[in-house]
Amino acid sequence: MNLFNLFKRRKNSGKDIAAQRLRLVLAHDRANISPGMLALLKDEIIAVISKHLEIDPTKVEVNFTEDDRETRLVADIPLTTSRKRQS
Amino acid sequence: MAGKIITISSGKGGVGKTTATANIGLGLAMLGVRVICIDADIGLRNLDVMLGLENRIVYDIVNYVEGRCRFRQALVRDKRFPELFMLPAAQTRAKDAVTIEQMINVANEAAQMVDYVLIDSPAGIEHGFRCASAPAEMVLVVTNPEIASVRDADRVIGLLEAEGGSPTRLIINRIKPELVQRKEMLAPEDVVDMLSVDLIGLIPEDPEILAAGNRGQPVVLNNGSSAGQAFLDIARRLQGEDIPFAPLKSQSFFRRLFGSR
């Protein structure tokens, strides 16, 4: 990356901020779930998974993805122990 | 053959629905096709003043559905382009003075007479919006490149989709190309991408629109106006003409979007 790009990246443009906020708002609107409810859902998912698997709650990500007006809930839950493959 | 019924909607108020209806309606008339513009904003009519036809109203849509006049008596014919008619809303009646069934009947009756029926929907997503969109074969959703109106447009598109209804097309109004250039305003491609609908018009911000509203002479009548030209382009696209989108920013985007057609 050259110096020019570095300068360009430093400042988040108004357009980028608006686009980012808008994407999030649309995802929540379309799924009909508030950001607070999503946080609760995430906690519950962590609680359920933790019963069966060892996970690091701080690394869990639960987010919406958008694809042509189709919204999906994507949970990324890394396991703390990588299991040894049984041969 | 009955004319095509198209509703102009937005969810949010103040984004340019009525301006779009007036200009697209007049634009179609300028192309020589017959149009009836229906003001479905009962109680808050404004299409009449946008078109400059306010002084010629005798009856309105509520008078007609209540049987006080014949359909043609309720229409106001434009003297500039006699292909254009307006069916005014009632100004002093409740928003629910026309039922969904009545609106469908009115639109169908209008469609028997002309090539296009344009319905100017009220803001909101309640009865007035449902009424206006019920008869539509196509809905033109107007938005501005800012968060609140795009969000409301998304709601409207979602509601129309949920009803399994008519296809939607997007009009992005009040674009300020210099702000888009400086990355201070959402670019048209951002908005189209987020809403996942087909575009039918990009209207630049144009001071001529205010002047046109003052005089009751829609900007489409003004050859020198960029917004007027953009509205006329929408009329042409509705007529099936393949009009490329004037590049406000990057041309590659538009090629990507529309090059395959």
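B:Arg174 counts as buried because 21 C-beta neighbours sit inside 10 Å of it, and the cut-off for that label is 20 or more. The same residue has a phi near 65°, a positive value in a residue other than glycine. Keep in mind that this is a predicted model. Below is a quick tour of the strands and helices around that spot in chain B, followed by chain A and the contact between the two chains.

**Two residues with positive phi**

- B:Arg174 belongs to strand β7 of chain B, a strand that covers residues 168-175.
- B:Ser196 also has a positive phi without being a glycine, with a value near 50°.
- Where does B:Ser196 sit? Look in the loop between α9 and β8 (198-204) of chain B.
- B:Ser196 has 14 C-beta neighbours inside 10 Å, so this residue counts as partly exposed; buried would take 20 or more, and exposed would take 12 or fewer.

**Strand pairing in chain B**

- Start with β5(B), residues 116-120: this strand pairs with β1(B) in the parallel sense, over 5 bridges.
- If you want a residue to click on in that pairing, B:Ile6 has B:Leu118 as its bridge partner in β5(B).
- β1(B), residues 4-9, is also joined to β6(B) by 4 bridges, and these two strands run parallel.
- Two partner pairs pin down the β1(B) and β6(B) register: B:Thr7 goes with B:Val139, and B:Ser9 goes with B:Val141.
- From β6(B), 5 bridges lead on to β7(B), again with the strands running parallel.
- B:Val141 turns up here too, with B:Leu170 as its bridge partner in β7(B).

**How covered are these strands?**

- β6(B), residues 138-143, is mostly covered, as 5 of its 6 residues are buried.
- β1(B) is mostly covered as well, with 5 of its 6 residues buried.

**Helix α7 of chain B and its neighbour**

- What kind of unit do β6(B), α7(B) and β7(B) make? They form a β-α-β unit, and it is right-handed.
- Helix α7(B) spans residues 147-162 and packs against α9(B), residues 188-195.
- Two packed helices are described by the angle between their axes and the distance between the axes.
- For α7(B) and α9(B), the angle is about 35° and the axes are 10 Å apart.
- The crossing of this helix pair is right-handed.
- On the α7(B) side, the contact is made by B:Val150, B:Ala153, B:Asp154 and B:Ile157.
- On the α9(B) side, the contributors are B:Val191, B:Met194 and B:Leu195.
- By class, the residues of this contact come to 6 nonpolar and 1 charged, with no polar ones.

**Chain A**

- Chain A has 3 helices and 2 strands, arranged along the sequence as α-α-α-β-β.
- How much of chain A is buried? Buried residues make up 5% of its 87 residues.
- Among contacts in chain A with a separation of 6 or more, 42% come from residues 24 or more positions apart.

**Where the chains meet**

- 14 residues of chain A are in contact with 14 residues of chain B.
- The side of chain A that touches chain B breaks down into 7 charged, 5 nonpolar and 2 polar residues.

Technical notes. Residues numbered from 1 in each chain as written. Chains lettered and ligands numbered in written order. Predicted model: local features only at pLDDT ≥ 70, side-chain atom pairs only at ≥ 80, totals over all residues. Contact = placed C-beta atoms within 7 Å. Nonpolar A, V, L, I, M, F, W, Y, C, P; charged D, E, K, R; others polar. Axes fitted to C-alpha atoms, helices over the stretch in contact; angles between N-to-C directions. Left-handed = near helix turned anticlockwise from the far one by under 90°. Pairing = 2+ DSSP bridges. Right-handed = clockwise from strand over helix to strand, strands pointing away.
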